[in-house]
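User: Pick one stretch of this model and take a close look at it. Then follow the thread outward, in one go, as far as it takes you.

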Amino acid sequence: MIPAEFEYTAPESLDDAIRALVDAGEDAKLLAGGHSLIPLMKLRLAAPSLLVDLRKVPGLHGVERQNGAWRIGALTPHAVLEHSPDLGVTSMVAATIADPQVRHRGTIGGSLAHGDSASDLPAAMLITEAEVTLQGPNGQRSVAAADLFKDYMTTAVGDDEVLTEVRVPALDGWGCGHHKFNRRSEDWAMVGVCVVVKASGPTCEDIRIGLTSMGSVPSRATAAEAALRGQELSAENIAAAAELAADGTNPPADLNATADYKRHLARVLTRRAITDALSSTG
Ligand SMILES: Cc1cc2nc3c(=O)[nH]c(=O)nc-3n(C[C@H](O)[C@H](O)[C@H](O)COP(=O)(O)OP(=O)(O)OC[C@H]3O[C@@H](n4cnc5c(N)ncnc54)[C@H](O)[C@@H]3O)c2cc1C
């Protein structure tokens, strides 16, 4: 439970943080809330030679609305998202992450850069069609959430890049729902499903369904989405679409559940999350 020895620095600017990463090479790691990295270091599953702590870097905190989207600084903790209900599904999902201690320390940037397929925020970023900004020694680039998650704990964030902010489209007028299944209320998701839906009268104008823990990366239940788009949002149609929620997924079996049980959960939770999302549209 004691990490391997490492150097530590807490730069006061983004440029200095990037320079520290470049100088140290691939053995350096950024430190945000530390609630994923430090446990890995204590288990000796990670042994960075240098930790570059982002806590003194200005401009990486907060939630603000800009041109029809929410700009969320990378160091914004889950608890701030939880208490920002205007963020819709992002807020709803953040409220179910672990316990208050984890939600006050863990950050959205850390969660997305870490790329654990059991994390809750990545699926919400997929269905809101969010984008992240990455800043590195060669400048800035934007990456869509759909292109961010490459494999289990592997993302498009380069070794010398800092994820500085997340831009989440506001989705005004959409309904949202989220169901997370776990054995104890504060555990990681055995399976999670989040939904945003835009209804026009009784008809589904658009719907997006995000899946957590159903493969090596978060994903969208595209077959279920396609089955509902343009259709009446009746209980029968929702139930029929939810039956397609696990199509194309490859959930890992683990101590908690077989792959088949996770597929079953995905179908049940999808029906419940769509129903909740629809009720939230009023
Ligand atoms: C007991 C416990 C229960 C948990 N349960 C859940 C849960 O139910 N659901 C859930 O979603 N999460 C859960 N988590 C994880 C928690 O949400 C983490 O805080 C989060 O995944 C990582 O955020 P962090 O700020 O702590 O990142 P850190 O641990 O500091 O960093 C994680 C990784 O991301 C990199 N990184 C961090 N910030 C940046 C950045 N700005 N740019 C580029 N790279 C960066 C780091 O170098 C590191 O590789 C749990 C954690 C604990 C300890």
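Analyst: Let's start in a loop: alanine 98 sits between helix 4 (89–94) and helix 5 (100–105). Bear in mind that this is a predicted model. The backbone does something noteworthy here, as phi of alanine 98 is near 45 degrees, a positive value in a residue other than glycine. Most residues other than glycine have a negative phi. Glutamate 129 also carries a positive phi, about 55 degrees, and it isn't a glycine either. You'll find glutamate 129 in the loop that leads from helix 7 (121–127) to strand 6 (131–136). At 41% relative accessible area, glutamate 129 is partly exposed.

Follow that loop and you run into strand 6, which is where the close look really belongs. Is strand 6 mostly buried or exposed? Five of its six residues are buried, so the rest of the structure largely encloses it. Part of the picture is pairing. Strand 6 pairs with strand 7 (residues 139–144) over six bridges, in the antiparallel sense. The two are joined by a hairpin through two residues, and across the pair glutamate 131 stands opposite alanine 144 in strand 7.

Strand 6 has another partner too, strand 10, again antiparallel and this time over five bridges. Glutamate 131 turns up here as well, with arginine 167 as its bridge partner in strand 10. Further along, glutamine 135 stands opposite valine 162 in strand 10. So what sits on both sides of glutamate 131? Alanine 144 of strand 7 is one partner, and arginine 167 of strand 10 is another.

Now move over to strand 10. How many of its eight residues are buried? Six are, so strand 10 is largely enclosed by the rest of the structure as well. Besides strand 6, strand 10 pairs with strand 5 (residues 69–73), joined by five bridges and running antiparallel. Alanine 69 has proline 169 of strand 10 as its bridge partner. Put together, strand 10 has antiparallel pairings with strand 6 and with strand 5.

Strand 10 is also where the thread meets the ligand. Strand 10 (162–169) is among the elements that supply at least two residues each to the shell around the ligand, along with strand 2 (28–31) and helix 6 (108–114). Which of the elements gives the most? That's helix 6, with four residues. Altogether 30 residues surround the ligand, and the closest are Leu30, Gly34, Leu37, Thr107 and Asp120. By class, you get 14 nonpolar, 11 polar and five charged residues in that shell.

A few backbone contacts are worth zooming in on. Leucine 163, within the span of strand 10, has a backbone N or O atom 2.8 Å from a nitrogen atom of the ligand. A backbone N or O atom of serine 36 comes within 2.9 Å of a ligand oxygen atom. Serine 111, which falls in the span of helix 6, has a polar backbone atom 3.5 Å from an oxygen atom of the ligand. As for coverage, the protein hides 89% of the 960 Å² of accessible area that the ligand has on its own.

Keep going along the chain and there's an open sheet to look at, with four strands in the order 11-12-13-14 and antiparallel pairing. Strand 11 (175–181) and strand 14 (219–220) are at the edges, each with a single partner strand, so one side of each is left without a neighbour in the sheet. In the middle of that order, strand 12 (residues 191–200) and strand 13 (residues 203–212) are joined by nine bridges and run antiparallel. One of those matches puts glycine 192 across from threonine 212 in strand 13.

This region also brings up the cysteines. How many disulfides does the whole structure have? A search finds zero. Cysteine 176 is in none, with the nearest cysteine sulfur, that of cysteine 194, 9.6 Å away. Cysteine 176 is buried, at 15% relative accessible area. And why is there no bond for cysteine 204? Its sulfur is 15 Å from the closest cysteine sulfur, in cysteine 176, which is too far. Cysteine 204 is buried as well, at 1% relative accessibility.

Notes:
Residues numbered from 1 in each chain as written. Predicted model: local features only at pLDDT ≥ 70, side-chain atom pairs only at ≥ 80, totals over all residues. Heavy atoms only, no water. Buried < 20%, exposed > 50% of the residue type's maximum accessible area, 1.4 Å probe, protein only. Disulfide = S-S within 2.5 Å. Near = heavy atom within 4 Å. Polar contact = N/O pair within 3.5 Å; in protein donor to acceptor, adjacent residues only side chain to side chain. Areas by Shrake-Rupley, 256 points an atom, 1.4 Å probe, with all protein chains shown as cover. Nonpolar A, V, L, I, M, F, W, Y, C, P; charged D, E, K, R; others polar. Pairing = 2+ DSSP bridges.
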